[in-house]
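Reader: I am a first-year student learning to read protein models, and I should like to study one part of this one closely. Could you please take me through a single helix and its surroundings, and set that part within the whole chain?

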Amino acid sequence: MSDQISDGLEGLPLWRSFLAVHRFGSVSAAARVLGVAQPTVSAHLQTLERLEGETLFVRTARGMLPTARADLLAGRLGGPFDRLAEVLSGEATRPVEHRIRIGGAAEFTASVVMPALAPAIAGGLRVHVTTGLADDLLDDAGAGRLDLVISSVRPRGRSLPAVGLIDEEFALVASPGLQLDPADVAERGPDALTAHPLLAYAHDVPILRRYWRHTFGMRLDREPALIAPDLRALAAAAVAGAGVTVLPTYLIRSELADGRLRMLVVTDDPPINTLFLVRRPSAPAAASRIVEDALRQAVARLD
């Protein structure tokens, strides 16, 4: 970091603008958050880039993309600035407002993340959620557009640190109205299911294929009768008696508990899929801690 800035407190407004642009992805958004004019933020960035002797952001149609140097500086500065804000907020009459941008699969976000964060949001946490496919969300995190991602894909390299959050367990389920006997499925395997439609997440049936291979030790060679790219839709169709599907157990806890869905294979070795908590190094530290703690508590209750 430039000694010209780090020797005194006069550089704090410059770095405050820098962190806001890094976290929110644009000069206009940073200016709104900071309550200053856009030219002020732009001038701060120009001063920092001149003093640092290199470009900190690449200006694109999609916003301000941080350079590797900007990510490094934001990683070093984010925590101290957040802690300073926490200290200063102790003298205020209202709690400090934390903001964070989170990405994840729509189903896990709706079923687990939102209930887990509800108390924090009511208490002042400000959250912007993006749902989508893991690869797209990781790209957004790498480009500085997301702070935390709950991902079914572990990111490559070391630029986005990832830790395991939860192992999703998958179950083969159907409505009791289909009158499928788990004992018959245990004895005959997939042959016991041939008279019933399959409900799938995608055309290439990745969840069903993995279940068939892991549990039955064979390749799935049937086409699905329903394709719906939302696991909640598959659960609703299964409850209504449309057919047989494979779903993560966290999503259908209540349906299994009250009997609307029946588990057709009971096993100590279900297929699992690890979800990772991926944190951008320069993500706001205080808000990240709030979210991570809430998610850890939530997934512990799923066990």
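**A helix and the cavity beside it**

Author: The protein chain exposes about 15,300 Å², of which carbon and sulfur atoms supply 52%. This model is predicted. Buried residues make up 46% of the 303 residues in the chain. Its secondary structure comes to 12 helices and 11 strands. Taken along the principal axes, the C-alpha atoms fill a box of roughly 75 × 40 × 30 Å. Among the contacts in the chain with a separation of 6 or more, 73% are accounted for by residues 24 or more positions apart.

Let us now turn to helix H9. This helix spans residues 206-216, and Leu 208, Tyr 211, Trp 212 and Phe 216 are buried in it. Seen down the axis of H9, these buried residues fall within an arc of 100°, so they line one face of the helix. A general property of helices is useful here. An α-helix has 3.6 residues a turn, so residues three or four places apart point the same way.

What covers the buried residues of H9? The cover includes strand E6 (162-174), helix H8 (182-188), strand E7 (199-200) and strand E9 (245-248). Just after H9 comes Gly 217, which takes a positive phi of about 65°.

The residue Val 205 also deserves attention. Val 205 is found in the loop between E7 and H9. Its phi is near 40°, a positive value in a residue other than glycine. Val 205 has a relative accessible area of 7% and is therefore buried, the cut-off being under 20%.

Strand E7, which helps to cover the buried residues of H9, contains Ala 200. Ala 200 is buried, because its relative accessible area is 1%. Leaving aside its neighbours within four places in sequence, Ala 200 is in contact with Val 205, Leu 208, Pro 224, Leu 226, Ile 227, Ala 228 and Leu 234. One of these partners, Leu 208, is a buried residue of H9, and another, Val 205, lies in the loop between E7 and H9. The C-alpha atoms of Ala 200 and Thr 109 are separated by 20 Å, and these two residues are 91 residues apart along the chain.

The next topic is empty space. Rolling a probe the size of a water molecule over the atoms shows where empty space is left. A search of the whole structure finds one cavity of 30 Å³ or more. About 40 Å³ of space lies in the largest cavity. Which residues line the largest cavity? They are Leu 199, Ala 200, Tyr 201, Val 205, Pro 206, Ile 207, Leu 208, Leu 231, Leu 234, Thr 245 and Val 246. The largest share of this lining, three residues, comes from H9. At least two residues each are supplied by E7, H9, helix H10 (231-239) and E9. The lining divides into 10 nonpolar residues, one polar and no charged. Ala 200, Val 205 and Leu 208 are among the lining residues, and Ala 200 is in contact with both Val 205 and Leu 208.

Two loop residues may be set beside this buried region. Gln 179 lies in the loop between E6 and H8. Although Gln 179 is not a glycine, it has a positive phi of about 55°. With a relative accessible area of 70%, Gln 179 is exposed, whereas Val 205 is buried. Ser 159 has its place in the loop between strand E5 (148-151) and E6. At 54% relative accessibility, Ser 159 counts as exposed, the cut-off being over 50%. The C-alpha atoms of Ser 159 and Pro 224 are separated by 39 Å, with their positions 65 residues apart along the chain.

For a second helix to set beside H9, consider H3 (residues 27-34). The buried residues of H3 are Val 27, Ala 29, Ala 30, Ala 31 and Leu 34. After H3 comes Gly 35, whose phi is positive, near 75°. Leu 34 is buried, with a relative accessible area of 16%. Apart from neighbours within four places in sequence, Leu 34 is in contact with Arg 16, Ser 17, Ala 20 and Val 41. Of these partners, Arg 16 is 18 residues from Leu 34 in sequence and 8.5 Å from it in space, C-alpha to C-alpha.

Note on methods: Residues numbered from 1 in each chain as written. Predicted model: local features only at pLDDT ≥ 70, side-chain atom pairs only at ≥ 80, totals over all residues. Heavy atoms only, no water. Buried < 20%, exposed > 50% of the residue type's maximum accessible area, 1.4 Å probe, protein only. Helix = DSSP H or I, 4+ residues; strand = E, 2+ residues; numbered from the N terminus. Arc of directions from axis to C-beta. Contact = heavy atoms within 4.5 Å. 1 Å grid on protein atoms, 1.4 Å probe; cavity = no way out; pocket = protein on both sides within 12 Å on 5 of 7 lines; lining within 4 Å. Points joined across faces, edges and corners; volume = space filled by probe spheres on them. Nonpolar A, V, L, I, M, F, W, Y, C, P; charged D, E, K, R; others polar. Areas by Shrake-Rupley, 256 points an atom, 1.4 Å probe, with all protein chains shown as cover.
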